[in-house]
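Hello,

Here is the structure I promised to pass on. Have a look at it first, and my notes follow below.

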Amino acid sequence: MRTLIQALSLLLFSTLFVFATYKLPDWLPADIYLRLDPLLGLNAVFAAREVISRALWSLILIGGTLVIGVFFCAYVCPTGASLDFLDFLFFERRNVGSKGRSQLKESEIFPLDHLRGCRPDRSLLAFLMDPLALLTRFYTFFIYPLAITVINLIVDLLRPLFKALGWVTFSHFHYFQSVYYMSAITLLIFGGIITLNRLVPRFCAAIFAR
């Protein structure tokens with residue numbers, strides 16, 4: 001059941017990302033996952049020094065967590081789902097004892113633990129290390145440009161066929177290739193999280209549950 005919920009959540013996140021530039025129903029905003037993020041919401045409120053209506057969505061997640069625990073991290077979080085699927089596809093499962101978890105949780109190598117204070121001067125770290133914000137940037141700065149590159153390569157390969165068939169529109173079809181300066185940084189951070197996840201599976205949930 002958990003794997004199914006994770007897959008559906010990741011699929012929903014990906015679908016909302018693809019359709020972010022389209023008009024969606026008011027009850028399903030494209031940035032609903034970011035709105036549910038308490039860390040981003042609190043940092044936005046502190047930075048603006050006023051109540052932001054979109055940040056109030058995070059109260060749903062906070063209330064649910066207080067009642068039934070870290071269900072979002074365990075079942076719904078698309079970042080956690082991505083890490084679990086990467087483990088399933090490319091890595092062997094590792095059992096890490098409580099000692100290993102305690103050592104990582106007490107270490108200072110991962111700054112998420114310091115972000116829980118949600119102070120304004122930590123908003124940059126929240127932007128860089130928040131799991132949902134990170135996955136959104138990973139999609140934006142890496143997955144999206146990679147998909148555009150693959151599509152353009154396929155179109156280039158088929159272009160002679162389009163010309164032979166007289167398909168003028170497809171003969172000149174080409175997606176604009178965006179280049180982002182944050183691509184390398186985002187890839188390094190995401191790679192670091194994958195590495196840490198190999199040491200302690202679902203360590204993000206363990207840290208926030210402290």
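A disulfide here is a pair of cysteine sulfur atoms within 2.5 Å. By that test, a search of the whole structure finds 0 disulfides. The sulfur of Cys-73 has its closest cysteine sulfur in Cys-77, 5.9 Å away, which is too far for a bond. Cys-77 counts as buried because its relative accessibility is 8% (buried means under 20% relative accessible area, with a 1.4 Å probe and protein chains only).

Please keep in mind that this is a predicted model, where local features need pLDDT of at least 70, side-chain atom pairs count only at pLDDT 80 or more, and totals for chains, interfaces and linings use all residues. Residues are numbered from 1 along each chain as its sequence is written, and side-chain values use heavy atoms, without hydrogens and water.

Now the core. The largest nonpolar core (buried Ala, Val, Leu, Ile, Met, Phe, Trp, Tyr and Cys residues joined through side-chain atoms within 4.5 Å) has 22 residues, and Phe-72 is among those with the most contacts inside it, as are Ile-32, Tyr-33, Leu-135, Tyr-139 and Phe-190. Helices H1 (2–18), H2 (32–35), H6 (78–90), H10 (131–165) and H12 (183–199) each give two or more residues to this core (helices are DSSP runs of H or I, at least four residues, numbered from the N terminus). H10 gives the most, with 5 residues.

Beyond its neighbours within four places in sequence, Phe-72 is in contact (heavy atoms within 4.5 Å) with Tyr-33, Leu-61, Cys-77 and Leu-132.

Best wishes

Key: Buried < 20%, exposed > 50% of the residue type's maximum accessible area, 1.4 Å probe, protein only.
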